[in-house]
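Biologist: Let us go through the helix packing first and the enclosed spaces after that. Keep the answers short, please.

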Amino acid sequence: MTSTDLQHTDSKNGESSRSQGVYLPTNPVLPRPCLTTDSAVSQWHSSPGFQGFWGWIKRRCERIKGKEILRGDYHGDSEGIKTLMTMLQSMLDWVEEVPIQPQSSQRFGNLAFRSYTKLVEERLPKLFTSTTVPPNLLSQLLPLFLNSYAFGHPVRIDYGTGHELAFVLGLWVCVVSGWIGGEGDQEDEEDELILRVFTKYLDLTTLLQKTYRLEPAGSHGVWGLDDYCFLPYLFGSAQLMDGPLTPSLSLSLASSHHPSSTSPPQNPITDLYTLSLYHLTLFKTGAAFSEHSPMLWSLSQMKDWIKPHGGLRKMFLGEVTGKRVVVQGLWVGGWNWGENVPDISQSQRTKTNEVMGMNNSSIVGAEGTKAPWAR
């Protein structure tokens, strides 16, 4: 097995935008559910794959400052972005094929979501038919989207930050494989993964939450940031870092877009932070914002985005990627860890082999692929 050295030297505020000397395998091992202990989670944070991913997240935050989310049809040259946008639009359309089932007065969990998830499992792999898909990519990507339940868990009928993380790790492996992004102007494609593809993903997950009444996965109630998501606040605070929209104005703008608002909105929502505040107001009603979301309320009282963004970075590492209960459902492979992905128990191995066996035999590439990181 060979490895590729991923290096980048840009730094700001004493923090490298990409990890130095990161080595990822060109022929990565298949994903497995290995983050089931606190020790494994701690090891993951120190792994080349995680260090590369976290460096990529920080790099995106640096590059999207002052940029707006991207809506509408994609007219660029990236086959990868075209495929992901087609996938997400198809999944939005499929919701109409699976109407909700009659249910009693329970607050969460319409059983129709299980039918929707089954439909996704059957159809989604068939969307990746482009001849440009690199070897090994689908064997790393599909377990993140499907086995890690990036769109919600069909048994628990819930959705949360662990599922969101699975999707963004999927975007990362698309970059590692060389399918999306690269040197020079091609790095703009990686920014579009956040500004366009991730925005479309939020449209989908919000629709799924509303339609099938998905329960928040692992919510901390009023002591958490948001019942369903985290990364939109991290990316959105980066977008707004040097702009005129302050934290308090962001909250006011989100509230003005709520259907119950008495006055029409003055401006469109063009950042992920305000968009997520707006989504939150759709699910939490009957109480003041300061009561149902005190942490976000506290952030809205700050004068600029420097402290909120810095705090969200630390919180992401501590409360999302650093919590076993959040990440234990992730299927982690060679591109999200490195060459020494931890082993799993015999029972876990049997289950993993069943899932990754015959159904995935046609997507496991035999050739190595080079990650395009020597920038």
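Biologist: At roughly what angle do the axes of helix 2 and helix 6 cross, and is helix 2 roughly parallel or roughly perpendicular to helix 6?
Modeller: This is a predicted model. In it, the axes of helix 2 and helix 6 (residues 161-176) come within 11 Å. They cross at roughly 95 degrees. Angles of 65 to 115 degrees count as roughly perpendicular, so helix 2 is, relative to helix 6, roughly perpendicular.

Biologist: Which residues of helix 6 meet helix 2?
Modeller: Helix 2 brings Gly49, Gly52, Phe53, Trp56 and Ile57 to this contact. By class, the contact has 9 nonpolar, 2 polar and no charged residues. The helix 6 side consists of Leu165, Val168, Leu169, Leu171, Trp172 and Val175.

Biologist: How are helix 2 and helix 13 oriented, roughly parallel or roughly antiparallel?
Modeller: The axes of helix 2 (residues 48-63) and helix 13 (residues 306-320) come within 13 Å. Their crossing angle is roughly 160 degrees. Angles over 145 degrees count as roughly antiparallel, so helix 2 is, relative to helix 13, roughly antiparallel.

Biologist: Is the crossing of helix 2 and helix 13 left-handed or right-handed?
Modeller: Phe50, Phe53, Trp54, Lys58 and Cys61 of helix 2 make the contact with His309, Arg313, Phe316 and Leu317 of helix 13. By class, there are 6 nonpolar, 1 polar and 2 charged residues. The crossing is right-handed.

Biologist: Which way do helix 5 and helix 6 run relative to each other, roughly parallel or roughly antiparallel?
Modeller: Their axes come within 8 Å. The crossing angle is roughly 170 degrees. With over 145 degrees as the cut-off, helix 5 and helix 6 are therefore roughly antiparallel.

Biologist: How many charged residues are in the contact of helix 5 with helix 6?
Modeller: Helix 5 contributes Leu137, Leu141, Leu144 and Phe145. Helix 6 contributes Ala166, Phe167, Leu169, Gly170, Val173 and Cys174. The classes are 9 nonpolar and 1 polar, and the charged count is none.

Biologist: Now the cavities. What is the volume of the largest cavity?
Modeller: The structure holds 3 cavities of 30 Å³ or more. The second largest has a volume of about 80 Å³. For the largest, the volume is about 130 Å³.

Biologist: Which residues lie nearest the centre of the largest cavity?
Modeller: The lining has 14 residues. Helix 7 (187-212) and helix 10 (272-283) are the elements that give two or more residues to the lining. By class, the lining residues are 6 nonpolar, 5 polar and 3 charged. Nearest the centre are Gln209, Asp226, Tyr228, Cys229 and His279.

Biologist: Which element gives the largest share of the lining of the second largest cavity?
Modeller: The lining residues include Phe113, Tyr116, Thr117, Val120 and Glu121, and also Phe145, Leu146 and Tyr149. Two elements, helix 4 (112-123) and helix 5 (137-147), give two or more residues each. The largest share, 5 residues, comes from helix 4.

Biologist: How many nonpolar residues does the lining of the second largest cavity have?
Modeller: Ala150, Phe151 and Gly152 are also among the lining residues. The polar class has 2 residues and the charged class has 1. The nonpolar count is 8.

How values were computed
Residues numbered from 1 in each chain as written. Predicted model: local features only at pLDDT ≥ 70, side-chain atom pairs only at ≥ 80, totals over all residues. Heavy atoms only, no water. 1 Å grid on protein atoms, 1.4 Å probe; cavity = no way out; pocket = protein on both sides within 12 Å on 5 of 7 lines; lining within 4 Å. Points joined across faces, edges and corners; volume = space filled by probe spheres on them. Helix = DSSP H or I, 4+ residues; strand = E, 2+ residues; numbered from the N terminus. Nonpolar A, V, L, I, M, F, W, Y, C, P; charged D, E, K, R; others polar. Axes fitted to C-alpha atoms, helices over the stretch in contact; angles between N-to-C directions. Parallel < 35°, antiparallel > 145°, perpendicular 65-115°, else oblique. Left-handed = near helix turned anticlockwise from the far one by under 90°. Contact = heavy atoms within 4.5 Å.
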